[in-house]
Amino acid sequence: MEAEYDSMADEYDATRESATQTEIDALAKSLEGCRTVLDVGVGTGRFAKPLSEIGFEVTGMDVSRRMLAKAREKRLERLLLGDAYKMPFRDKSFDAAIIIHVLHVVVDWSTVMRDLGRVTRGHVMSILRVPQRATTPPSPAIGNPVPGPRTGYPVRTQHRMWQNELELKARVPPLKLERIRDETITIPVADALRSMQAKRAMGAQIIPPEVKQQMLERIISMAGVQSVQRRVVEDLAVWGADDLQALDLGSPPGSG
Ligand SMILES: C[S@@+](CC[C@H](N)C(=O)[O-])C[C@H]1O[C@@H](n2cnc3c(N)ncnc32)[C@H](O)[C@@H]1O
């Protein structure tokens, strides 16, 4: 994981949306009354930076040195190299914690969330993407997509893209689950291509590499198409630290 994100660090911000004002406002509202906030998997500081700018004392921890170096370039001060499976903090060290776009990359999410519950006094928060079916809008230039050998690939079952978040919500129902975003964003084709190419460095995730290549070729062949549209739906989830710390209690044997 460290190496994967090390290799992505240079491209990460250029191929991701910045944190939106809506996301920051929603987090800030739920963090009201807190001072110290742990950001696990802080990455380049996409969320830690704006939260520290509005007064929270954010400590960012990440397993990737190069992602942390990018965060440091943004003048974030409290940064440390560390593994979410073995957090180097005493019990109840932070008023609150955030873990954003990290749950899907950790295999044993229950260990991570239980330990987050341990090191936090109050609430643990995440922004959860609500999976949307991919759509290709009909284009006057190319007409409707014709089903063929390039479509209909099954999603890889071993990949846990959304599964960890769904399991977490089912096993520990959040104290609050608030829809904070539902919008369709338009991305220039050049940016979509750049982002897909950068993510190829991440290895085979949800889409087999050969299918990704075909997708790239298909987009390139869409002469005249300037942009692609994507619906983004997000929920802010807030858990009680004590509920997370009790995560293993009562869970079925072998789960998590
Ligand atoms: C998709 S990025 C999200 C970064 C940031 N939270 C954001 O939303 O921009 C996932 C981050 O989690 C980090 N990460 C993955 N596994 C980790 C672990 N076991 N402990 C700490 N950080 C981890 C990666 O290095 C990477 O920076």
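User: Let's start in the sheet of this predicted model. Which histidine in S5 does alanine 96 stand opposite?

Analyst: S4 and S5 pair in the parallel sense, with four bridges between them. Within that pairing, the residue in S5 that stands opposite alanine 96 is histidine 123.

User: And on the S1 side, what is the bridge partner of valine 37 in S4?

Analyst: S1 and S4 also pair in the parallel sense, this time over three bridges. Valine 37 has its bridge partner in S4, and that partner is alanine 96.

User: How many of the five residues of S4 are buried?

Analyst: S4 covers residues 94-98, and it pairs with S1 as well as with S5. The strand is mostly covered, and the buried count out of five is four.

User: What handedness does the β-α-β unit of S4, H5 and S5 have?

Analyst: S4 spans 94-98 and S5 spans 120-129, with H5 at residues 109-119. The two strands are parallel, and together with H5 they make a β-α-β unit that is right-handed.

User: Which strands help cover the buried residues of H5?

Analyst: The buried residues in H5 are Trp109, Val112, Met113, Asp115, Leu116, Gly117 and Val119. Their cover includes two helices, H6 (163-171) and H9 (241-245). The strands included in that cover are S1, S4 and S5.

User: Now the largest nonpolar core: which element gives the most to it?

Analyst: That core has 47 residues, and Val37, Ala97, Ile99 and Leu116 have the most contacts inside it. Nonpolar side chains tend to be buried together in soluble globular proteins. The top contributor here gives five residues, and that element is H5.

User: Leaving out residues up to four places away in sequence, what does alanine 97 touch?

Analyst: Alanine 97 is one of the residues with the most contacts inside the largest core, and so is Leu116, a buried residue of H5. With sequence neighbours up to four places away left out, alanine 97 touches Val37, Leu38, Val40, Leu116, Val119, Thr120 and Val124.

User: Stepping back, what percentage of the chain counts as buried?

Analyst: The chain holds nine helices and seven strands. Among its contacts between residues at least 6 apart in sequence, 79% join residues at least 24 apart. Out of 256 residues, the share that counts as buried is 29%.

User: Last one, the ligand: how many nonpolar residues are in the shell around it?

Analyst: There are 19 residues around the ligand, and Tyr5, Gly41, Gly43, Ser64 and Ala84 come nearest. By class, four of the shell are polar and three are charged. The nonpolar count is 12.

Conventions. Residues are numbered from 1 along each chain as its sequence is written. This is a predicted model: local features need pLDDT of at least 70, side-chain atom pairs count only at pLDDT 80 or more; totals for chains, interfaces and linings use all residues. A residue is near a molecule or strand if its C-beta atom, placed from the backbone, lies within 6 Å of it. Ala, Val, Leu, Ile, Met, Phe, Trp, Tyr, Cys and Pro count as nonpolar, Asp, Glu, Lys and Arg as charged, and the others, Gly among them, as polar. A residue is buried if 20 or more other C-beta atoms lie within 10 Å of its own, exposed if 12 or fewer, and partly exposed in between; C-beta atoms are placed from the backbone. Two residues are in contact if their C-beta atoms, placed from the backbone, lie within 7 Å. A nonpolar core is a set of buried Ala, Val, Leu, Ile, Met, Phe, Trp, Tyr and Cys residues joined through C-beta atoms within 7 Å. Two strands pair if DSSP finds at least two bridges between them. A crossover is right-handed if, with the strands pointing away from the viewer, the path from the first strand over the helix to the second runs clockwise.
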